[in-house]
Amino acid sequence: MTNSSPSLRLFELLEIMCAHGRPFSLADAIEATGWPKPSVHRMLGQLENGGLLAREPDGRRYTPEAWHEYLARRLGSVETLELPNGETLRRRKDVEVELHIQRLMPADALRIRGNALIACGRLDEAAAFYNQVLTAREMPWARFGLARTQYAQGELGACKLTLDRLIHEAPQLLSAYDLLGRAHLDSGRADEALKVLDRACAIAPDSLTRHRAIALVAERQGDFTRVEGALSRVVKKTRNSPLRETADIARLGSAYAELGEPAKAIELIDEARKNFRGDANDPHLAAVEALAQHKAGRPELAAAALTRAL
């Protein structure tokens, strides 16, 4: 964990999870930050109590929409934005961001500012902001922010070049691999996406997020052997853990069925229903069971499972 103040650590966590790009769980937050579980759990609670995070309907995931709405109101209704160190950023009439001399502004304030611009969809300003920061000094977080901006603008080629440079200069920044993988995938280069994610897994072999990402890309390619390999690791690692997700079991079962091993899929789903009562009526598991029972030549059981799925 960084040595910044507790308040700035809260903002750092919020920034990291905004970059996640989708609702996130406690496990996602722990993996993204590398901080101890008790600390992350406490900080998420503080952000939720403060109205900066909200729970998804499933109760397990958080969304930063409230924070985005707050930033949109602040950035849209005032001519200056006060930063945590007391400095202000002024908006000129041409909507360009006036960047104060960097030595007057701590990196935390700069990072929050850049993330706010992206969150509010002010992408041209964000690109100008990050380029100004990088002109003053090369910083991995600013290079990553520029790549995020380029990705959001649909400039996939520029995004990939930015991330290639960043990974060369900061090879341990795993978020860069994740974004580069998405950029390759969006460019129709699933093979390159898998190579990038493999490199990330070599650095963090126990990363659940990246094994799940590999499985997702492999599914799109129809490489169910690769799906089975990635998700078998995830399911085994999370079997008796609160990080377990029903979707992993369903996707692994589907891979078994596609590989001509419906018996393994049925066994996997039966085990999940037996050991995890909360998953017993999950429609995704029922849908996979219907597929597996059909491939196993049991039409009546397949029809019953399909009814539960629907």
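Helix α9 is largely enclosed by the rest of the structure, because 10 of its 13 residues are buried. Here "buried" means under 20% relative accessible area, while exposed means over 50% and partly exposed is in between, using a 1.4 Å probe and protein chains only. The buried residues of α9 are L174, A176, Y177, D178, L179, L180, G181, A183, H184 and L185. So what sits on top of them? The cover over the buried residues of α9 includes α7, α8 (156-169), α10 (190-203) and α11. Right after α9 comes G188, with a positive phi near 80°.

Before going on, a word about the model. It is predicted, so local features need pLDDT of at least 70 and side-chain atom pairs count only at pLDDT 80 or more, while totals for chains, interfaces and linings use all residues. Residues are numbered from 1 along each chain as its sequence is written, and side-chain values use heavy atoms, with hydrogens and water left out.

**The whole chain**

The chain has 16 helices and 5 strands. Both are DSSP runs numbered from the N terminus: helices are H or I with at least four residues, and strands are E with at least two. Of the chain's 310 residues, 45% count as buried. Contacts, meaning heavy atoms within 4.5 Å, also reach far along the sequence: among those with a separation of 6 or more, 47% join residues 24 or more positions apart.

**Two helices side by side**

Now put α9 next to α13. The expected span of a helix is 1.5 Å times one less than its number of residues.

| Helix | Residues | Length | Span, first to last C-alpha | Expected span |
|---|---|---|---|---|
| α9 | 174-186 | 13 residues | 19 Å | 18 Å |
| α13 | 246-258 | 13 residues | 18 Å | 18 Å |

In α13, the buried residues are T246, D248, I249, A250, L252, G253, A255, Y256 and A257. Their cover includes α11 (208-221), α12 (224-238), α14 and α15 (283-295). After α13 you'll find G260, whose phi is positive, near 80°.

**Three residues to look up**

Let's zoom in on L166, which is found in helix α8. L166 is buried, with a relative accessible area of 1%. Which residues does L166 touch, leaving aside its neighbours within four places in sequence? They are P140, R143, F144, P171, L173 and A176. L166 and A142 are 24 residues apart in sequence and 9.9 Å apart in space, C-alpha to C-alpha.

R143, one of those contacts of L166, has its place in helix α7 (residues 140-152). R143 is buried, at a relative accessible area of 9%. Not counting residues up to four places away in sequence, R143 touches L134, E138, T162, R165 and L166.

For a third stop, try A116 in helix α5 (residues 107-119). A116 counts as buried, at 3% relative accessibility. From A116 to A126 is 10 residues in sequence and 8.6 Å in space, C-alpha to C-alpha.

**A sheet of three strands**

Next, the strands. Three of them make an open sheet in the order β1-β3-β2, and the pairing is antiparallel. β1 (24-25) and β2 (54-55) stand at the edges with a single partner strand each, so one side of each is left without a neighbour in the sheet. Two strands count as paired if DSSP finds at least two bridges between them. β2 and β3 (residues 61-63) pair in the antiparallel sense over 2 bridges. In β3, T63 is the bridge partner of A54.

**Empty space inside**

How many cavities of 30 Å³ or more does the structure hold? There are 2. A cavity is a set of points, on a 1 Å grid over the protein atoms alone, where a 1.4 Å probe fits but cannot get out, and lining residues have an atom within 4 Å of a point. Grid points are joined across faces, edges and corners, and a volume is the space filled by probe spheres set on the points.

The largest cavity holds about 60 Å³ of space. Its lining is V235, R239, R244, I249, L268, E271, A272 and F276. Helix α14 (residues 262-275) gives the largest share of that lining, 3 residues. By class, the lining has 5 nonpolar, no polar and 3 charged residues. For these classes, Ala, Val, Leu, Ile, Met, Phe, Trp, Tyr, Cys and Pro count as nonpolar, Asp, Glu, Lys and Arg as charged, and the others, Gly among them, as polar.

Notes
On a 1 Å grid over the protein atoms alone, a cavity is a set of points where a 1.4 Å probe fits but cannot get out, and a pocket is an open set with protein on both sides within 12 Å along at least five of seven lines; lining residues have an atom within 4 Å of a point.
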